[in-house]
Amino acid sequence: MRVSRLMLVTLRDDPAEAEIPSHKLLLRAGYIRKLGSGIYAYLPLLWRVLQKISAIVRQEMDATGALETLLPQLQPADLWQRSGRWAGYTAGEGIMFHLEDRQGRELGLGPTHEEVITALAADLLRSYRQLPVNLYQIQTKFRDEIRPRFGLMRGREFIMKDAYSFHPDEASLRQTYAAMDGAYRRIFRRCGLKAVAVEADSGAIGGSASQEFMVTADAGEDLILTSADGRYAANQERAVSLPGAPVELPGGLRSGGSGELLPTPGQTTIEQLVAAHGFDSSQLIKVLLLLARFEDGHRQPLLISLRGDQQLNEVKLANTVSSRLAGGHGVLLGIDPLSSELVAELNRSEGLAIDLSAVPLGYLGPDLEDAVLTAARPSLVVDLRESRVRSAGAAALPQPPRPHMATSFLRLTDPTAADLPAFVCGANQVDQHRIGAGWAGLGLRPEVVDLRAAQPGDRCLHDPSQTLAAARGIEVGHIFQLGRKYSDAMEARFTNEKGTEESLWMGCYGIGVSRLAQAAVEQNHDANGIRWPLAIAPFEVIVVSASAQDPQQVSLAEEIYNRLGSAGVDALLDDRDERAGVKFKDADLIGIPWRVVVGRGAAAGQVELVCRDDGQRRDLAVEAALEALLKVIQASRSGLESGVES
Ligand code: ATP
Ligand code: MG
């Protein structure tokens, strides 16, 4: 390919819309253009990168015996209603774009394909003899992300490789899961990425194994916690650890009765209490008042107790609340803090009149009585409906059920709080706390659930001499043992060896192909531009003549370009009538791994070979340069470590 034919438009300055290096560079180097929020055109250079990544993904998937397929992106709502996910994906913070066709039928644009594939499995898979099978596709996914950002990292339209496997039993599922784990490790290594596998959250179904693959980079949105011995790595959403020991209250206050009242005027935060009274935050109980919203309109107030030095893990909380209540009330749509700010916001933006006056916010104790809910109830009942329920086509939609408020709290207590024999907590009266209170003294028997977020610095469960360190990661892949959740819901059954019917076992496996391309840039760039790993670079070599006016240079450059092409190398020829400096700058910016510069040495058959990655330059005879290039490219293509030998 010739640069003059490439429609290459590079930008000198960083575009204002981009915050992180990889996003800036992909825009500046002419790889992508923004069409709308989270919507990008993949320009020809990026498309070549995506094709190369896809080819590696295909090879590794095929090697595991998986079958490539292509499933519909327009997905009938009834499939999602059968799996029970329609409401969760369309109402509230749901991320599925959905629409109505001319016959008034509801459809969703595929954010993922569990429903479609399970329906097919129910239809096609009948006998254990057909199992196991694993189907994959590489395709555009649509997700109405709440915060699309960082270019291809979080798009609303993006390319994913997704695979779904079906099994006669759990052992077979585990086998394929392990094979996919291996394939994923090879894929990321072959793409030139440093990726780590971490334990991931498995959602409300719990129990099943799930692993994410993270490209470590400062711009990553995920926090991962790892131990130095390499034996533990988990997404913070999922991570577990040993909390630090609490500091005991002074002698006279350790009885754990009902405690004594402590005037705390205006002290509504842990920090204020610590500053005013010299407490250690581990001596306090933090009580959080939250509201969980369910599909059927059920509104469940939550009263969560944590030790004052601990943070709530929202994912653990959502999983717990969902598994407790989703059975009776449908999908959990969201959990929000019932703060006075939120109430004011709801009152202002939605014309509501919620009144929390019976609730002494900032002074809550774990023994807050259910009666405050009834006092506040008439106003709390009002329209806490999903604000994002679409107005278009609303007539055809069933009306969202009227919200109704539970009359008692769901009270959950983290072990760090439950284990305190005596503590300081709110007294459920404005400007008052209790000091030296205990659970029995308050008349409570706490329901204990792990809700705390593991933190960097915490000791590890597997070895308390190890501590957790934090790193940021970009999730490029996720593998998941789904079990029978979807096959149970959608009645995808097979006949086993004994002749009885049972639900299929399922796994699913995703790779964010377009996100991976950008993650590669995030991990491989410098001040001058991108440094593509050779295996996924849009072109492997760029041939540049220093002077476009020198016929000898121009013809030698042409010759080298042609010879590279005949040898099957992806070569680019910068044939533009530009100054050498401009061409070199662009070559660095777009990040082609190898540059052959045809300059003054052309007359003597000498060229300069420049490595983009380490900047090393060598003057070589044309033949030697070609030989070196072919060698390194061959090595990379066969999946081996690359590196030119001198
Ligand atoms: P995230 O937690 O980042 O939102 P997810 O857990 O919802 O991702 P999965 O459903 O596991 O994502 O999708 C499989 C893969 O698709 C992810 O590992 C990620 O690499 C990629 N991916 C997910 N959402 C996006 C997006 N909005 N833009 C680009 N890639 C995405
Ligand atoms: Mg995921």
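Gln75 has its bridge partner in strand 6, and that partner is Gly108. Keep in mind that we're looking at a predicted model here. Gln75 itself belongs to strand 4, which covers residues 74–76. The pairing around it goes like this: strand 4 and strand 6 (residues 106–109) run antiparallel and are joined by 3 bridges. As a reminder, strands of a sheet pair through backbone hydrogen bonds, either parallel or antiparallel.

Now step back to the sheet these strands belong to. It's an open one of 3 strands, in the order 4-6-5, and the pairing is antiparallel. Strand 4 and strand 5 (98–100) sit at the edges, each pairing on one side only. On average, neighbouring strands in this sheet are turned by 35 degrees against each other, if you ignore direction.

So is Gln75 buried or exposed, given its place in an edge strand? Gln75 counts as buried because its relative accessible area is 0%, under the 20% cut-off. Leaving aside residues up to four places away in sequence, Gln75 touches Trp80, Leu107, Gly108, Gly110, Thr112, His113 and Val116. Gly108 therefore turns up twice, as a contact of Gln75 and as its bridge partner.

Let's finish at the metal. Which residues coordinate the magnesium ion (ligand 2)? Glu475 does so through OE and His478 through ND1, at 2.3 to 2.5 Å. Glu475 has a relative accessibility of 22%, so it counts as partly exposed, whereas Gln75 is buried at 0%.

Terms used:
Residues are numbered from 1 along each chain as its sequence is written. Chains are lettered from A and ligands numbered from 1 in the order in which they are written. This is a predicted model: local features need pLDDT of at least 70, side-chain atom pairs count only at pLDDT 80 or more; totals for chains, interfaces and linings use all residues. Side-chain values use heavy atoms; hydrogens and water are left out. Donors are N, O and S atoms within 2.8 Å of the metal (3.2 Å for Na, K and Ca); water is not among the atoms, so sites may look incomplete. Buried means under 20% relative accessible area, exposed over 50%, partly exposed in between (1.4 Å probe, protein chains only). Helices (H or I, at least four residues) and strands (E, at least two) are DSSP runs, numbered from the N terminus. Contact means heavy atoms within 4.5 Å. Two strands pair if DSSP finds at least two bridges between them. Axes are lines fitted to C-alpha atoms, for helices over the stretch in contact, and angles run from 0 to 180 degrees between N-to-C directions.
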